[in-house]
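Student: I have a model open on my screen and would like to know how its labels are justified. Could we go through a few of them together?

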Amino acid sequence: MYQAFLIKYGEIGVKGKNRHIFEDTLVSQTANALKLVDGEFCVRKENGRVYVEAQSEFDFEEAVEALSHVFGIVGICPVVLMEDEGFDALAERVVAYVGEAFKEQDFTFKVITRRARKNYPMDSMEVSAALGERLLAAYPKLKVDVHTPKVTLHIEIRNKINLYSKTIPGPGGMPVGSAGRAMLLLSGGIDSPVAGYMIAKRGVKIDAVYFHAPPYTSERAKQKVIDLAKILAKYTGPIRLHIVNFTDIQLSIYEKCPHDQLTIIMRRYMMKLAEHFAGEEESMGLVTGESIGQVASQTMQSLAVTNEVCTLPVYRPLIGFDKQEIIDVSLKIGTYETSILPFEDCCTIFVAKHPVTKPNLKSILKSESHLASTISAQMKQAVETAETIRVEP
């Protein structure tokens with residue numbers, strides 16, 4: 001029955017003179033998402049609305065699934081688009097729609113009409129009342145309930161008349177690409193994929209860097225991160241994933257630095273390397289999955305010491321989340337089951353038994369001075385040997 005979708009957006013509607021830029025980005029992201037669906041689609045904007053019109057046969061559920069991953073969409077409405085051939089033709093189509101869309105015509109309903117085209121010969125209230133009468137005559141078991149109807153029939157009188165009764169929730173947020181670019185430090189854990197999702201929801205295009213430590217971490221651990229990136233890419237679009245061999249740097253830190261400072265010092269060098277790749281991608285900041293107090297390296301003092309090495313802003317969208325809230329989002333977006341697979345990443349392999357929770361910057365810098373003879377060459381080698389892959393959804 002449906003050959004089109006009416007796409008509703010939220011925040012974009014208050015963007016003033018820049019609104020068309022965000023609309024164009026949403027149209028582009030919607031069209032890109034639908035490339036994963038068999039069929040041909042035309043995505044267009046018209047007077048504050050975005051429409052997806054099928055140009056061929058397509059799988060309805062697949063199309064809805066693809067659209068439900070597009071940030072910026074707050075509602076997906078399967079819609080019937082009709083030419084204006086007079087009120088009688090409209091009423092006939094609405095009556096037929098109710099018969100087709102609902103197995104049983106035994107529910108409460110309400111008709112809401114909006115006239116974007118003011119030259120229509122009836123006003124909104126008249127159209128709603130007249131259509132209600134036609135429906136009651138056609139289906140005697142229907143009942144009108146203007147306060148809490150089970151079904152609301154929406155009629156929008158535009159260039160074409162829009163008829164719909166269902167709104168499928170979208171993910172909300174802002175369309176990816178409307179707010180710059182950032183580099184995500186992606187591990188195999190629960191937190192960092194959620195952080196990537198949250199920052200992308202605000203319109204940020206993300207790429208990612210993963211720190212691999214063979215032979216201490218396996219190829220399965222690496223594949224786990226690639227799989228997480230694939231899930232994220234359903235929401236963000238293709239991700240450039242930089243896989244950095246971090247083994248030599250970690251071993252040097254392990255051999256030459258106090259073990260209670262291992263995590264903090266490793267984290268600082270990860271941030272330095274991530275900034276290098278962020279510069280290559282023209283990213284405007286780094287993104288991590290840190291949350292205050294979750295582990296020793298995420299206390300206020302630890303985060304301050306980590307930040308000290310960064311010249312780019314560090315965005316931490318999960319900073320005020322507790323673990324259960326993060327898990328809830330990971331379940332919603334489909335990363336949780338992959339994140340809990342038992343393949344260790346490089347952080348967990350080299351974790352200290354009793355890590356410092358309130359690191360002192362002067363002490364950290366003194367410990368890092370023990371690396372002076374080797375660290376520059378190791379950092380250079382890590383950059384030069386990094387593997388970069390394009391991860392598609």
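**Reading the helix labels**

Tutor: Gladly! In this predicted model, helix 5 and helix 10 are roughly perpendicular to each other.

Student: What makes helix 5 and helix 10 roughly perpendicular?

Tutor: Their axes cross at roughly 70°, and angles of 65 to 115 degrees count as roughly perpendicular, so the label fits. The axes come within 9 Å. D191, P193, V194 and Y197 of helix 5 meet K323, I326, V329, S330, K332 and I333 of helix 10. By class, this contact has 6 nonpolar, 1 polar and 3 charged residues.

Student: How do you know how helix 7 runs relative to helix 14?

Tutor: The axes of helix 7 (residues 247–256) and helix 14 (residues 375–384) cross at roughly 155°. Angles over 145 count as roughly antiparallel, so helix 7 is roughly antiparallel to helix 14. Here D248, I249 and S252 from helix 7 meet I375, Q378, M379, Q381 and A382 from helix 14. Their contact divides into 4 nonpolar, 3 polar and 1 charged residues.

Student: Which residues of helix 2 are buried, and why do we say that they line one face?

Tutor: They are A63, V64, A66 and L67. Viewed down the axis of helix 2, the buried residues fall within an arc of 160°, so they line one face of the helix. Their cover includes helix 1 (19–34) and strand 4 (73–82).

Student: What makes D59 a cap for helix 2?

Tutor: A side-chain oxygen of D59 lies 3.0 Å from the backbone nitrogen of E61, at the N-terminal end of helix 2. The cut-off for a polar contact is within 3.5 Å, and this pair meets that distance.

How values were computed: Residues are numbered from 1 along each chain as its sequence is written. This is a predicted model: local features need pLDDT of at least 70, side-chain atom pairs count only at pLDDT 80 or more; totals for chains, interfaces and linings use all residues. Side-chain values use heavy atoms; hydrogens and water are left out. Buried means under 20% relative accessible area, exposed over 50%, partly exposed in between (1.4 Å probe, protein chains only). Helices (H or I, at least four residues) and strands (E, at least two) are DSSP runs, numbered from the N terminus. The arc is that of the directions from the helix axis to the C-beta atoms. Contact means heavy atoms within 4.5 Å. A polar contact is a pair of N or O atoms within 3.5 Å; within protein, one must be able to donate a hydrogen and the other to accept it, and residues adjacent in sequence count only if both atoms are side-chain atoms. Axes are lines fitted to C-alpha atoms, for helices over the stretch in contact, and angles run from 0 to 180 degrees between N-to-C directions. Angles under 35 degrees count as roughly parallel, over 145 as roughly antiparallel, 65 to 115 as roughly perpendicular and the rest as oblique. Ala, Val, Leu, Ile, Met, Phe, Trp, Tyr, Cys and Pro count as nonpolar, Asp, Glu, Lys and Arg as charged, and the others, Gly among them, as polar.
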